[in-house]
Amino acid sequence: MKLWRNALCSLFLIALALFLVACSSDSQTSTKEDKKDETDSATEEQDGTTDEATDEGEEKEQVTIVYARGVDTTPGTDMVIEAFEKKFPHIKIESREMPADTGQSHDQYVTAFSSQSTEIDVFNADVIWPAEFAQANYALELDRLIERDGIDMDAYFPGTVAAANFNGKQWAMPQYTDAGVFYYRTDIVEEPPTTWDELIEQANALKGQEGTEFGYILQAAQYEGLITNAIEFIASYGGQVIDEDNNVVVDSPETVKAIEKMAEVVGSDFVPGNILNFQEIDTENAFIEGKSVFARNWPYMQSSSNDEEKSKIAGKIAITTLPAGDAGNAAALGGWMTMINRYSEHPEEAWEFVKFISGEEGQKITAVNGGRAPTLKALYDDQEVKEASELFANPDFAAVLESAVSRPVTPIYPEVSDIMQIEISKVLAGDQSAQEAATNMQTKIEAAMNE
Ligand code: GLC
């Protein structure tokens with residue numbers, strides 16, 4: 001199914017690319033002929049192109065860069081673009097919205113970048129992509145630019161920098177970080193549950209109160225979000241998928257127990273009947289409509305939940321850590337970085353935008369207006385950031401971020417994820433046991449890694 005989806009996707013993108021080439025009015029005034037090995041030109045062409053708007057005098061060449069990123073249900077992205085364009089009037093950002101499903105975005109990027117398309121200049125990359133994109137040569141190495149412009153990488157959480165580093169090179173700048181968190185309704189819940197069993201108990205008991213229809217909602221559709229939810233269950237029972245020495249260790253009693261617990265939650269009466277189609281956006285919509293007592297999502301949902309214009313539960317939510325299994329509680333590490341297309345015709349302007357969006361000013365805008373957790377440590381001491389979110393003001397949150405569980409770091413991550421998605425989905429649909437899933441994942445992931 002994936003194959004023909006990919007094929008369809010490729011056809012569509014090729015058609016789109018041809019169409020765009022044909023109608024290009026070319027507002028983008030390229031200065032480079034040779035698009036290969038942009039690193040050198042990007043570093044050489046330094047002076048005079050990165051000055052800010054405040055530098056009056058010489059007229060700068062107008063450049064439009066295309067910035068691709070997933071759906072943002074908050075005003076964060078638009079506001080950061082607006083602030084950038086104001087500061088750098090010679091650079092216009094054309095924002096391109098990619099699918100909300102990270103796996104679908106991934107496939108579209110792979111199609112574009114593997115044909116060396118120049119269409120996208122800057123793009124948001126999920127934390128699970130840099131190893132693969134670096135190896136496939138899709139992105140521009142940033143080390144020389146970072147050094148040239150004196151960017152202090154120690155100002156970022158080390159995990160977010162490490163996630164963008166592959167083969168000793170820095171391929172992306174951390175933009176915001178994600179860790180799975182637990183939302184609950186303060187008008188219904190007295191004490192939030194601390195274990196999965198308590199959650200099951202409370203969700204059963206409280207469902208229906210204050211007009212709610214569901215006790216708990218999570219992401220159980222067959223896509224990448226399922227893996228982040230599964231990793232949280234697995235780690236909370238002490239299981240792992242691949243260990244520090246790169247051994248596949250997913251077939252363990254801990255993982256089996258964790259998947260059984262996940263299946264118990266997903267198979268319960270307190271989740272929506274179509275929970276197997278639920279992604280983040282569905283969770284967000286149901287939660288802000290006041291339909292669920294508890295929800296699992298990323299920090300951004302605090303922004304929409306408390307937005308009086310669209311949320312029925314503004315001011316009635318709180319956030320805490322996800323419930324614990326036998327080994328404690330665990331949050332999956334997510335997050336997004338910004339990368340530059342290796343074949344961008346405007347690497348210098350692209351870098352200017354990347355610096356801004358991943359820098360203090362850009363991250364502050366998305367933290368305050370988009371609920372996105374900064375990757376810059378200092379922003380957690382910023383008064384406006386703290387005031388914008390209880391979560392960011394809470395010193396425990398930084399600890400949650402630092403101890404969040406990563407998904408396996410490997411250039412074949414998409415394959416590993418696909419295997420897990422298929423096997424775990426079968427358990428959630430009642431088509432196989434957790435033990436069967438663990439055994440199959442073990443064999444199939446091992447085979448994929450040995451290819
Ligand atoms: C969030 C996370 C990302 C993850 C995705 C799964 O966007 O930041 O890392 O892969 O959710 O749906």
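1. Domain bounds here come from an automatic or database domain assignment, and with those bounds the shell around the ligand draws at least three residues from each of domain 1 (63–176 + 335–396) and domain 2 (179–332 + 406–450). The model is a predicted one, in which local features need pLDDT of at least 70 and side-chain atom pairs count only at pLDDT 80 or more, while totals for chains, interfaces and linings use all residues. Residues are numbered from 1 along each chain as its sequence is written, and side-chain values use heavy atoms, with hydrogens and water left out.

2. Around the ligand there are 13 residues (near means a heavy atom within 4 Å), of which Asp126, Asp178, Glu280, Gly335 and Arg407 come nearest. The shell consists of four nonpolar, four polar and five charged residues, where Asp, Glu, Lys and Arg count as charged, Ala, Val, Leu, Ile, Met, Phe, Trp, Tyr, Cys and Pro as nonpolar, and the others, Gly among them, as polar.

3. Among the polar contacts (pairs of N or O atoms within 3.5 Å), a polar side-chain atom of glutamate 280 lies 2.6 Å from a ligand oxygen atom, and a backbone N or O atom of glycine 335 lies 2.8 Å from an oxygen atom of the ligand. Taken alone the ligand exposes 310 Å², of which the protein buries 93%, by the Shrake-Rupley method with a 1.4 Å probe.

4. Strand E11 (333–340) and helix H9 (224–236) each supply at least two shell residues, and E11 gives the most, with three; helices (H or I, at least four residues) and strands (E, at least two) are DSSP runs, numbered from the N terminus.

Notes: A polar contact is a pair of N or O atoms within 3.5 Å; within protein, one must be able to donate a hydrogen and the other to accept it, and residues adjacent in sequence count only if both atoms are side-chain atoms.
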